[in-house]
Number of protein chains: 4
Amino acid sequence: MTIEKYKIEEYNHQLMQEHQRKLDFIKDEVNGAEEILQKLMDFQVAIPSWALGTGGTRFGRFGGGGEPRSLEEKIEDIGLLHALNQSSGAISLHIPWDIPENANNIKALAAQNGLRFDAMNSNTFQDQPGQQLSYKFGSMQHVDKAVRRQAIEHNIEVIKYGVELGSTALTVWLSDGSCFPGQLHFRRAFQNTLDSLQQVYAALPDNWKMFVEYKAFEPNFYSTTVGDWGQSLLYATRLGEKAYTLVDLGHHLPNANIEQIVALLLMEGKLGGFHFNDSKYGDDDLTVGSIKPYQLFLIFNELVEGMDARGMNHATDLGWMIDASHNVKDPLEDLLQSVEAIMLTYAQALLADRKMLNEAQLQNDVVAAQEILQAAFRTDVRALVAEARMRAGGALKPLAVYRKEKVRENLIKQRGLKTVATGL
Amino acid sequence: MTIEKYKIEEYNHQLMQEHQRKLDFIKDEVNGAEEILQKLMDFQVAIPSWALGTGGTRFGRFGGGGEPRSLEEKIEDIGLLHALNQSSGAISLHIPWDIPENANNIKALAAQNGLRFDAMNSNTFQDQPGQQLSYKFGSMQHVDKAVRRQAIEHNIEVIKYGVELGSTALTVWLSDGSCFPGQLHFRRAFQNTLDSLQQVYAALPDNWKMFVEYKAFEPNFYSTTVGDWGQSLLYATRLGEKAYTLVDLGHHLPNANIEQIVALLLMEGKLGGFHFNDSKYGDDDLTVGSIKPYQLFLIFNELVEGMDARGMNHATDLGWMIDASHNVKDPLEDLLQSVEAIMLTYAQALLADRKMLNEAQLQNDVVAAQEILQAAFRTDVRALVAEARMRAGGALKPLAVYRKEKVRENLIKQRGLKTVATGL
Amino acid sequence: MTIEKYKIEEYNHQLMQEHQRKLDFIKDEVNGAEEILQKLMDFQVAIPSWALGTGGTRFGRFGGGGEPRSLEEKIEDIGLLHALNQSSGAISLHIPWDIPENANNIKALAAQNGLRFDAMNSNTFQDQPGQQLSYKFGSMQHVDKAVRRQAIEHNIEVIKYGVELGSTALTVWLSDGSCFPGQLHFRRAFQNTLDSLQQVYAALPDNWKMFVEYKAFEPNFYSTTVGDWGQSLLYATRLGEKAYTLVDLGHHLPNANIEQIVALLLMEGKLGGFHFNDSKYGDDDLTVGSIKPYQLFLIFNELVEGMDARGMNHATDLGWMIDASHNVKDPLEDLLQSVEAIMLTYAQALLADRKMLNEAQLQNDVVAAQEILQAAFRTDVRALVAEARMRAGGALKPLAVYRKEKVRENLIKQRGLKTVATGL
Amino acid sequence: MTIEKYKIEEYNHQLMQEHQRKLDFIKDEVNGAEEILQKLMDFQVAIPSWALGTGGTRFGRFGGGGEPRSLEEKIEDIGLLHALNQSSGAISLHIPWDIPENANNIKALAAQNGLRFDAMNSNTFQDQPGQQLSYKFGSMQHVDKAVRRQAIEHNIEVIKYGVELGSTALTVWLSDGSCFPGQLHFRRAFQNTLDSLQQVYAALPDNWKMFVEYKAFEPNFYSTTVGDWGQSLLYATRLGEKAYTLVDLGHHLPNANIEQIVALLLMEGKLGGFHFNDSKYGDDDLTVGSIKPYQLFLIFNELVEGMDARGMNHATDLGWMIDASHNVKDPLEDLLQSVEAIMLTYAQALLADRKMLNEAQLQNDVVAAQEILQAAFRTDVRALVAEARMRAGGALKPLAVYRKEKVRENLIKQRGLKTVATGL
């Protein structure tokens with residue numbers, strides 16, 4: 001299913017008067033609106049292929065319907081999102097769930113939908129049917145060299161698939177760790193993991209990056225072998241200049257100050273990318289911005305400041321991806337909400353008066369510093385983001401169009417009610 | 001020091017054109033703006049007398065200057081706040097820090113500043129000079145009946161002072177608990193506390209309420225005898241219909257869903273009042289809305305919904321108070337920011353389309369429910385709150401007036417640089 | 001597979017000399033050793049039918065082998081455990097995973113293995129194949145009366161199965177709650193749930209108990225409708241005297257003082273039962289005693305003290321069950337470790353000098369109180385627990401016998417390597 | 001006050017028969033008892049000078065009595081502890097609370113009490129009377145170079161005092177950080193801090209170490225500039241080979257796996273020392289081993305394993321110190337309990353069968369690995385620790401002697417009831 005451009009324009013047309021009023025107001029309110037609009041148009045968030053189906057917990061899964069049954073249908077889904085919001089122009093694949101049987105066809109299909117291939121994701125946290133050795137006790141950390149070798153080769157294979165599709169990054173998330181005290185020899189686990197990562201790193205093409213993702217806990221509940229930013233930074237530093245730390249918002253201990261971590265990783269030149277989601281308790285994988293939108297703003301505030309200080313390009317120099325699980329929402333609607341939350345927050349961070357903030361900081365004027373940040377956060381930037389979307393060819397109100405066009409109903413008709421997206 | 005009405009009007013005048021533009025816009029955006037404005041004008045947040053000086057931690061205290069040296073000067077300070085924002089029309093006293101030597105004079109002074117006396121606060125978490133028995137091992141929970149008696153009598157004395165001043169509520173926050181396993185016999189501690197509270201309750205005038213505040217930890221670090229809403233509700237239920245639970249935002253375990261607690265306490269008819277602040281780790285007592293503004297909105301969302309369902313008056317049927325500690329900010333500036341955050345959030349909660357929300361909930365339309373709440377939260381209501389303030393005689397930009405009028409500099413001139421507010 | 005009594009006796013015989021030396025020592029150390037031994041022999045912990053297979057997380061499951069393929073085989077497995085430790089003499093069934101096709105046969109089989117039927121568990125947190133209405137948005141809280149009715153009827157059916165088997169309790173764990181702010185109307189959810197529970201309660205036989213289990217989060221990640229002990233107590237109180245709160249050690253917010261909750265629930269006469277496990281981050285469902293053994297001791301300390309104060313029988317007046325997930329261990333070995341940890345901790349709690357503790361508490365002698373508790377905890381009671389086990393007909397070292405008898409290898413031979421226990 | 005050797009011997013004599021019985025038993029139980037006894041005798045834990053008086057919280061302080069009024073009296077107190085347990089043979093001073101007016105006299109007094117001077121502690125988290133510039137907004141992170149210079153010079157002065165006394169380490173704990181979003185420019189704060197530390201490092205004598213302590217939060221409640229082990233390691237690495245990370249057990253986010261951090265820091269050759277205490281919620285500074293004794297065991301397990309792997313001397317190659325606050329206990333009793341807990345745990349860690357553990361780990365035998373660790377932890381090693389103490393000239397039961405000798409009563413007689421230890 002596709003939504004034709006003219007349809008979107010029709011919907012936009014109906015909202016235009018109202019939109020223009022709001023846009024005029026906000027453009028009066030902020031400095032450099034045009035520059036912000038351009039940045040918003042440039043900013044793209046990758047959609048992971050596994051986020052297109054209904055997620056689940058260890059207690060169960062309540063499927064939706066019309067879920068994509070193949071890589072082609074996943075690309076089609078993201079194409080739909082991108083048609084609506086023009087901010088989801090990339091797809092992040094997961095191997096083995098998304099092995100492209102014919103890379104050229106897949107590339108063509110993606111291009112047709114305006115999508116490029118973002119970071120590739122390997123999987124050594126599950127056993128696949130027919131897999132020779134089990135990852136029950138870890139993969140790259142494993143005491144058995146043969147298991148480590150299997151994990152290394154899998155990652156190298158993922159790179160190979162990525163090269164065919166034009167991706168330039170590998171994200172390695174290891175669930176390696178332990179469930180019980182005593183299970184693991186921590187230093188050996190670290191060294192085995194480092195050695196394994198080094199072998200994968202050696203296979204990385206010159207123009208590729210490797211993202212080393214960390215996570216505090218789950219599915220291992222006592223220790224994780226890449227457990228926090230400090231550990232990830234140790235690995236990334238030893239690996240070399242193509243290795244970076246990847247931050248997933250849900251992968252921290254309670255109350256962690258993630259924005260400070262982001263600032264320090266940028267300072268070290270080692271921040272590689274981001275997995276967006278939101279959470280209240282653990283790695284809840286909820287819709288971006290649904291629980292702690294101000295934290296998200298503070299993170300974007302550091303991202304904008306820190307990237308600008310290094311002369312980095314917001315749109316291209318870090319990997320941006322959503323990584324959420326859609327247990328009770330239509331996945332596509334959830335993704336529209338998530339991308340919207342990211343764009344709104346990015347816009348607010350762009351508004352923050354950085355010169356005044358810096359001055360307040362130099363004066364220890366804590367009250368003024370707070371006022372400056374909150375002034376940006378309290379600004380209603382919905383019209384700005386909508387304008388950027390419309391200028392890029394998207395819908396003023398993507399979710400409304402999605403519903404009016406009965407996208408889900410149509411997908412169910414096409415694909416059936418009981419489909420389960422590959423990998424779920 | 002006072003700020004004359006005409007001064008405030010002058011400042012407002014300079015901002016009027018800009019304000020009007022914003023106000024016109026937001027009035028177009030929302031339904032029932034006039035009704036919201038009235039509610040905002042009616043809503044008053046009490047300022048506790050101890051929040052007017054620089055706070056500290058166990059590691060130290062970095063005093064500011066010009067802190068109030070007497071109850072009279074505390075009233076003066078709140079009078080200043082109220083002159084600026086017209087939303088701080090109440091003061092919450094703490095005994096023994098604020099014993100009124102001449103109640104009539106104090107009442108007259110308060111009235112002159114437009115202030116009424118909110119809930120009275122007792123203190124059995126510290127030993128006062130000359131106090132006969134120590135609260136080192138608790139007060140109302142104490143194994144020694146004489147200590148309990150002393151605590152009971154202190155509370156009855158606090159009621160007496162309150163009656164003289166026209167207050168109608170007693171807030172009992174007990175730090176009672178234990179630091180080590182084994183220290184306390186939990187059931188006995190509960191029963192002693194209940195018995196003590198009952199004796200205080202018996203001395204409560206007919207038109208008074210008693211608020212039983214709970215706190216998860218600190219200053220006791222193993223157990224607290226009124227440790228969560230469940231315990232507070234047990235006490236309040238046994239005490240009788242004049243006893244209620246008081247919620248302080250910083251008094252919970254990590255990740256607690258406070259808005260659900262609020263909803264349930266309203267359901268039970270047992271929510272009595274609120275202590276506003278914000279926090280990241282524990283009872284950090286930071287400026288309201290400075291860390292988790294969306295959580296504050298969700299709480300106000302339940303407050304508005306739940307109070308309306310019971311036909312309660314937002315302005316008068318619950319006790320609203322700020323309870324924060326100002327370690328690195330000018331306390332008065334911090335309070336202006338806190339009240340502003342409360343008013344903005346209350347306004348946003350009033351905007352939420354409750355009918356549509358209810359419908360979405362009945363349809364299990366999770367996406368729509370989120371859209372409705374976020375639409376309210378993303379609305380920039382600063383002009384509405386400013387308008388309400390101005391209509392009531394306050395300043396469009398209280399903090400700016402405070403700074404332009406050099407209030408702190410003047411207070412320092414008057415009171416000196418090294419003053420320490422009583423109780424700190 | 002069964003382990004013959006004479007085999008166990010043979011193994012015990014080999015260890016007897018060493019055991020006797022340790023036993024003599026510990027009997028010299030403690031007062032009332034014989035009484036403690038009797039209590040240990042009386043104490044039985046129920047095994048839930050779902051704990052006999054390898055558990056998993058939302059990321060995957062690494063199966064073991066030889067898992068029970070039927071209710072009969074589950075009973076056989078628990079029979080094996082009980083033969084070894086003589087402390088696992090009860091089974092807790094889950095419907096629909098364990099529907100007994102012929103109750104009489106199942107009862108006979110259980111009796112043959114020395115097992116009785118502990119609390120029955122209903123399941124409205126998953127959709128079963130062929131189920132008419134979905135629990136995606138809750139069961140007893142659901143806005144749709146028909147869904148609530150379905151959940152009520154399911155619970156009544158579970159009671160019916162339980163009656164046939166001789167069980168006398170129903171455990172209701174509801175995963176009902178919400179994943180996003182706005183999704184749920186909290187009060188309505190509470191009232192719907194209460195109403196549903198009341199209808200199930202009405203179907204409860206006179207000699208039955210209903211356990212209302214609470215959980216802070218997961219699988220819902222924003223709110224849970226029976227979220228903490230305070231909420232559970234509200235339900236249990238409204239339901240009536242046959243309704244009780246059930247405590248699962250992993251179902252709390254970080255840092256909760258569970259032992260205080262236990263003491264208060266006993267005070268209220270509303271503690272019904274226990275689900276044992278251990279955890280570091282959330283509901284990690286790890287082996288009992290593997291992470292925080294001292295917390296377990298403090299809980300048992302309150303259980304013993306509180307039950308004794310009410311004249312309750314330790315062995316029979318509360319429901320004791322293990323509820324863990326065995327992701328990286330052989331489930332039967334894990335259960336042997338869990339039961340062992342429970343018995344050791346119970347023994348230590350029985351040792352604590354309650355008279356001296358009470359005296360220390362009355363003197364506020366915090367140091368002495370800690371000494372008394374730690375003296376009990378630091379005592380090596382392994383020989384006591386082993387002796388109790390042996391006297392009851394079990395093995396001095398159950399785990400060693402399990403391994404020497406190659407139980408798992410035999411079960412794999414019998415049942416195959418790829419079996420998956422029903423319900424997993 | 002001092003306790004004469006012969007007194008201690010008399011008390012020991014009375015307990016000898018009972019002790020011998022227990023000792024014989026445990027010596028039969030464990031391998032290499034004599035070697036363990038020697039290690040226990042060698043192991044010394046430094047007492048910080050500020051732990052000798054009653055601590056407090058921001059809510060108040062409930063003084064004890066007989067607190068030391070001078071550095072001399074502090075040394076006397078630690079001398080008492082050391083006479084009793086022979087494991088507290090070092091003192092850790094804090095400047096400016098403990099400025100030695102005559103270093104030679106102080107050194108002689110310490111030597112007389114069998115004490116050496118452990119790490120020196122600087123203080124830039126408070127303003128001292130007469131101090132020129134304030135640390136309200138940080139010290140080494142401060143935007144004002146003059147404040148940083150003052151902090152640097154203070155640390156250099158602390159080194160100077162330490163050199164005079166024979167100390168060889170400086171512990172730098174910075175409370176630097178921020179209370180509100182926006183207050184701090186994170187990268188600048190880091191760079192200023194690094195630069196300041198480098199200047200202190202430059203003044204470090206060749207045989208000295210610098211310990212960079214980290215803390216997650218408090219007294220700053222939004223960010224801390226040396227906030228976690230990752231940040232501390234960054235500083236320590238840039239500073240050079242004399243700089244190390246110092247771990248305080250209470251300075252982590254909830255649920256942190258501290259033992260893994262310890263293992264990794266040892267792997268990096270950057271673990272410098274330890275501050276022992278215990279906690280449930282935050283930096284509660286409770287008695288060591290009073291809340292999570294098994295966590296302490298797991299940490300010691302990594303310490304022993306990791307130090308042995310590097311050929312480090314347990315007794316001398318890391319800095320061991322207690323850092324607790326005694327709010328409700330007699331400080332000296334609390335310290336006796338803390339040292340006892342450390343020695344017991346160290347003994348248990350020494351017992352663990354490392355060869356079998358390593359084998360279990362190499363086999364992924366999680367069950368066996370847990371059994372091995374728990375076997376050590378469940379062993380009652382009190383007689384071993386008591387024996388080591390007695391052999392070194394200390395008391396079998398230090399706390400009992402302390403009470404029987406009425407130490408506190410005597411100190412109160414000598415020093416008065418209302419003394420407050422310097423620094424509190």
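A: Let us begin with one idea: two residues are in contact when they have heavy atoms within 4.5 Å of each other. Keep in mind, too, that this is a predicted model.

Q: Thanks! What ipTM and pTM does the predictor give the complex?
A: The complex has an ipTM of 0.97 and a pTM of 0.98.

Q: And what is the mean pLDDT of chain A?
A: As a general guide, where pLDDT is low, the predicted coordinates should not be read in detail. In chain A the mean pLDDT is 97, with 99% of the residues at 70 or more.

Q: How many residues does each chain bring to the contact of chain D and chain A?
A: Chain D brings 51 residues, and chain A also brings 51 residues.

Q: What area is buried between chain D and chain A?
A: The size of an interface is often given as the accessible area lost when the parts come together. Here about 4500 Å² is buried between chain D and chain A, and carbon and sulfur atoms give 60% of that area.

Q: How many salt bridges and polar contacts cross this interface?
A: Between chain D and chain A there are four salt bridges. One salt bridge joins the side chains of A:Glu305 and D:Arg187, with 2.7 Å from N to O. As for polar contacts, 24 residue pairs make them across the interface of chain D and chain A.

Q: Which elements of chain D give two or more residues to the side that touches chain A?
A: Among them are the helices α6 (186-202), α7 (229-239) and α9 (293-309), along with the strand β10 (223-224). Sorted by class, that side of chain D has 25 nonpolar, 18 polar and eight charged residues.

Q: What rotation superposes chain D on chain A?
A: A rotation of 180°, with 0.0 Å of shift along its axis, superposes chain D on chain A at an RMSD of 0.0 Å. This is the relation of a two-fold axis. To find the axis in chain D, look for D:Gly230, whose C-alpha is the nearest to it, at 2.1 Å.

Q: Why do we say that chains D and A meet through the same surface?
A: Because 100% of the interface residues of chain D are also interface residues in chain A.

Q: What about chain B and chain C: what turn lays one on the other?
A: A turn of 180° with a shift of 0.0 Å along the axis lays chain B on chain C, with an RMSD of 0.0 Å. In chain B, the C-alpha nearest that axis belongs to B:Gly230, 2.1 Å away. Since 100% of the interface residues of chain B are also interface residues in chain C, these copies meet through the same surface.

Definitions and conventions
Residues numbered from 1 in each chain as written. Chains lettered and ligands numbered in written order. Predicted model: local features only at pLDDT ≥ 70, side-chain atom pairs only at ≥ 80, totals over all residues. Heavy atoms only, no water. Buried area = accessible area lost by both parts, 1.4 Å probe. Polar contact = N/O pair within 3.5 Å; in protein donor to acceptor, adjacent residues only side chain to side chain. Helix = DSSP H or I, 4+ residues; strand = E, 2+ residues; numbered from the N terminus. Nonpolar A, V, L, I, M, F, W, Y, C, P; charged D, E, K, R; others polar. pLDDT = per-residue confidence, 0-100. Least-squares fit on C-alpha atoms with pLDDT ≥ 70 in both.
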